[in-house]
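Got your viewer open and a selection box ready? Let's take a walk through this one, a stop at a time.

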Amino acid sequence: MSEALLTAENLSRQYTGGGVPVHALRAASFTIAPAECIIVLGPSGSGKSTLLNIIGGMDTPTTGRLCYGGRDVSAFSARELTEYRRDAVGFIFQFFNLIPSLTALENVALAAAITAGAMSPPEALALVGLAERGAHFPSQLSGGEQQRVSIARAIVKNPALFLCDEPTGALDTQNSATVVRLLLQMRDRLGCPVVIITHNTEIARAGDRIFHMKDGLLEKISINSAPVPVEDLQW
Amino acid sequence: MVKLLGLKMLRDMGRSKAVYIICALVVTIGFSGYSLMSIAYERLMDTRDAFFSATDFSTAFADVEQAPLAVAGRLAAVPGVSVAEGRLTDTARVQALRWHEQSGGKREELLAGEAELLLISTRPEGMNRPYLNAGSLPRAGRLETVLGAGFAAAHGLRPGDAVSLIIGGQATELEVCGIGVSPENIYLVKDLADMLPDLSSYDGAFLHYDTLAALLGREGAANSFAFTLWPGAGIDDVKAAVEDILRPYVCYRVYDRADHVSTAMLQAELDQLQSMAGVIPVLFLLVAAVILYITLFRLVEQQRVQIGALLSLGFSHRAISLHFACFGAATGLLGGVAGGASGILCAVPIWEYYLTFYSMPALGAGFGAAYPYLFYSALAGALFCGAIGWLAARGVARLQPAEALQPAAPPAGKLTPLERLPWTRELLTIPGLVGLRGVFRNGRRSLFSLVGIACAYMMIASLVSMNSMVDIFIYDELTEVEQQDFTVYFNAPVAWADARAAVSHPEVRRAELVLDVGVTCKSPVASLEGTLKGLEVGGELLRLADAAGRPLALAEGGAIITAHMAAALELGPGDWLEVESPGPAGQTMRLPVAGVTGQYMNSTVYVPLRLAAEFQRTNGACNSLLVAGTEQARRDVADRLADAARFTLAEGRLAKIDKMNAAMGSMLFILYYMAFAGVAIGFAVIFTGSLVCFEEMKREMATMITLGLNSRDCLEVISSGQWLLTFGGVILGLPLTWAATEAMVRTMSGDMYTIPNYLSGEALVRATVLTLVAVVLSNAVIHRRLRRITPVDIMRERN
């Protein structure tokens, strides 16, 4: 395995809701290497999204350390976290989270506008096969198309890290296959790692490593020595 | 980035355009008032200064019984006085008008005793020359006059026409050589009790000094001196020296330009404009802030997930706060620009209205200097509303991205304080209970709605009650205090018996003698120029009453003073008032204040007729008569007295009310317009609150519809909360209304008059009814929306 792009040591996250502390993540340690595909599996409430949010600079760990490119992300100021999200991370959500009042192209252009060295928005849209749908608003697109716009919005930034929170959770099988294929194509094209949260164990067969989570614990990291091509997955 | 977020903003605003338009309109009204009044103020100041300069308006005056003209030279030598000039003034009854054959237009004959002119001597190079609208200045030795523009316009007189006046007891025909106006007759009233000038019956007429002196038989004499002070010098610097010089000639009064009735009334108007320009935008911006905050707070909550997505893309919290601030800024900018522009447009007719009202020529710089107000309004609107947007977005925009991506945690479910009352739950249906809990669960929005409704109620109530102010301030004098049918005026004291004989007529039911004496009234804290009015004890034609309407009876040895005088001198019943006559003997008397009338315009001291006559040492004389009789009696009396030297006017009270109605027409229109604006704003606040509540509770209502409740049942979810907030808003609005009216009357009161806090129960009831109507209308609109709900679509929407 090549040198780690990202290193996590004993990451924990505790929330206090209604006066009761909730341990959403407990002492998770791992590394992520470039161009790696990591699948995070686990039941609801197991801490998958918390882990992804901390990796993506969307949340900060209560304890522990997260290093990216030799810098301690967990010690970043709000401004540094913003720059980290802007320049290093491409996020893809289960419900797409596109801006409904902007067209597909404008949604992509919005991300490009704040990033130095971004790809051209029409090119990003073309990469996900939606070059002709740029002028459509999200409400005029199908779920699969919206998720592809969301992927275009992530790749347009040329991110160092792809983070996907149940990207196929709201899609049918055909669109799910398309989205996973696109994600892996982008990983290959950009050479960046992809972290995918999913409930679908079939998708795990396409990953290089699988993180198994339960009750906030990263119980096991299994290595998939022979990832299956997306075309061979059984949906 | 800016362009795309700007696009997003415009599209988001387009979806709720009604609310943003309402908000922009409220801002528009506020800034329209601000710029209109500020521009009118500046323009009027500019016109006044140019007018004063063009006519060499003197900076001070002195009134004397009679002095040689040469005394002006001695006055000019007083340190602090640069130029002094003697002149003559007198009043003359208009006997007839004669139009030149070629004169066209309106020709209105005058009946005897219907008009009077204030004669003022002038010289071509002297001070206080009339500003000519037409014709030329009067020449020495010629029977010529420059007529006041108001009188000339009212009777269709032009240069070349003639007026016949009774001057010094003799009928004299003067040719109209010009039409003009002087700073001294821009607000010309016979008596301050007249309140509004009526230039058709009383205006200025300017004659060459030599002509007027010859007609009055006072060649080489002056009864008034005008002088200009050194730059930086004030009246107090020269007053003592001037009084010393004029004392041998019976000096009545030395006063500054600022104390001249015309300039004082104009200054009071200017001060009001300036104060209102500061108050009005604050009131309206407060309401706009409430509407905007409620709207944007809800928008930000609705876009919580979008905010999370933007944060995850790498947008900073600051950029997102700024984005939502732009919603406010755009609304404020739109309102500010529209308000500034409409203010500039409306300032022109308002300025023209003031010019007509004050009979001033259109002098001074143009409206070019008004355009910065467009910029000020736009900037202030954008900054203020932008700040509201920033505040509204602050909470959500500061969230961690991961937190923003999750729906907000629902507030803890608990009973509301109202539900602890035993009857509440029995009174309310389940949807009503949901609405009630919604009010308490969304505490901040409810608080803003409450404040908004209270502000709207305050605006409606205080604007509606301005009509009561007009009634108390203007009309009560003519309808409640004065009871005579007409008043006969004399230009010099007339023996009581002669006066009664003058109005003897079968259709005269009652006549009461009046003696008016100009006096200076003093208290330990202040002094005030006023009128000592002697009335017959037991008289019925001038009904004195206190502010609560309780009758006040004249008593020997006591004085009844007007509310304005009481306020200005800080006197009340039981205090002592000192009255000083500027007359030949300069006598003084001290009187206990027996009562205070509900009159806010006049500075009058009412005493028994005999006491006034003794004070003036004109025993057995009066200078006017209040008469109860028919209109025919008035005409007959005026005809009979047409040639009498001391008779000036026989003025009907109803005709005076008619003239007042005509003069007040435009003001009443403005009042009704403002009251309408208040109602519209009240509706805007209530409707915005309902609309936001509708958006918030849509899912709950969709669920209820699915369960089988009809749209009217579901409406209770919104209406119950709205009624509760409206009830609270009205309660909170009561003290706010009192405070607002108090602030307004303090702002509007001046040296010339006091305005009472005119808030009436009737106005409060009307405002309450209008507020409730706004709730009913708002509920009707929401009900229409509710009927269009498709439950399945709404329940499918993600939070």
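What follows is a short tour of chain B, and keep in mind that this is a predicted model.

**Stop 1: a long-axis view of α2**

Select residues 17-54 of chain B, which form helix α2. Counting 1.5 Å a residue, its 38 residues should span 56 Å, and the end C-alpha atoms of α2(B) sit 52 Å apart, which agrees. Try coloring by burial here: 28 of the 38 residues of α2(B) are buried, so the helix is mostly covered. Step just past the end of α2(B) and click on B:Asp56, which takes a positive phi of about 50°.

**Stop 2: add its partner, α7**

Now add residues 261-302 of chain B, helix α7. The axes of α2(B) and α7(B) are 8 Å apart, and the two helices pack at an angle of about 165°. Angles over 145 degrees count as roughly antiparallel, so that is what α2(B) is relative to α7(B). The crossing of α2(B) past α7(B) is left-handed. What kinds of residues make up this contact? Show the side chains and you'll find 26 nonpolar residues, five polar and one charged where α2(B) meets α7(B).

**Stop 3: a covered strand, β9**

Hide the helices and select residues 202-208 of chain B, strand β9. Are its residues buried or exposed? Seven of the seven are buried. Look at which way they point: B:Tyr202, B:Gly204, B:Phe206 and B:His208 go one way from β9(B), while B:Asp203, B:Ala205 and B:Leu207 go the other way.

Next, bring in the neighbors. Strand β4 (residues 116-122 of chain B) runs parallel to β9(B), joined by seven bridges. To see one pairing, pick B:Leu117, whose bridge partner in β9(B) is B:Asp203. Then add strand β6, residues 144-148 of chain B: β6 runs antiparallel to β9(B), with two bridges between them. Here B:Val146 stands opposite B:Phe206 of β9(B).

**Stop 4: the four-stranded sheet**

For the last stop, show the open sheet of chain B whose four strands come in the order β2-β10-β1-β11, with antiparallel pairing. Which strands are at the edges? They are β2 (81-87) and β11 (251-256) of chain B, each pairing on one side only. Turn the sheet and look for its twist, which averages 25° from one strand to the next.

Finish by zooming in on β1 (residues 60-68 of chain B) and β11(B), which pair in the antiparallel sense over five bridges. Pick B:Asp63 and you'll see B:Arg253 of β11(B) standing opposite.

Key:
Residues are numbered from 1 along each chain as its sequence is written. Chains are lettered from A and ligands numbered from 1 in the order in which they are written. This is a predicted model: local features need pLDDT of at least 70, side-chain atom pairs count only at pLDDT 80 or more; totals for chains, interfaces and linings use all residues. Axes are lines fitted to C-alpha atoms, for helices over the stretch in contact, and angles run from 0 to 180 degrees between N-to-C directions. Angles under 35 degrees count as roughly parallel, over 145 as roughly antiparallel, 65 to 115 as roughly perpendicular and the rest as oblique. A crossing is left-handed if the near helix is turned anticlockwise from the far one by less than a right angle, and right-handed if clockwise. Ala, Val, Leu, Ile, Met, Phe, Trp, Tyr, Cys and Pro count as nonpolar, Asp, Glu, Lys and Arg as charged, and the others, Gly among them, as polar. The expected span of a helix is 1.5 Å times one less than its number of residues. A residue is buried if 20 or more other C-beta atoms lie within 10 Å of its own, exposed if 12 or fewer, and partly exposed in between; C-beta atoms are placed from the backbone. Two strands pair if DSSP finds at least two bridges between them.
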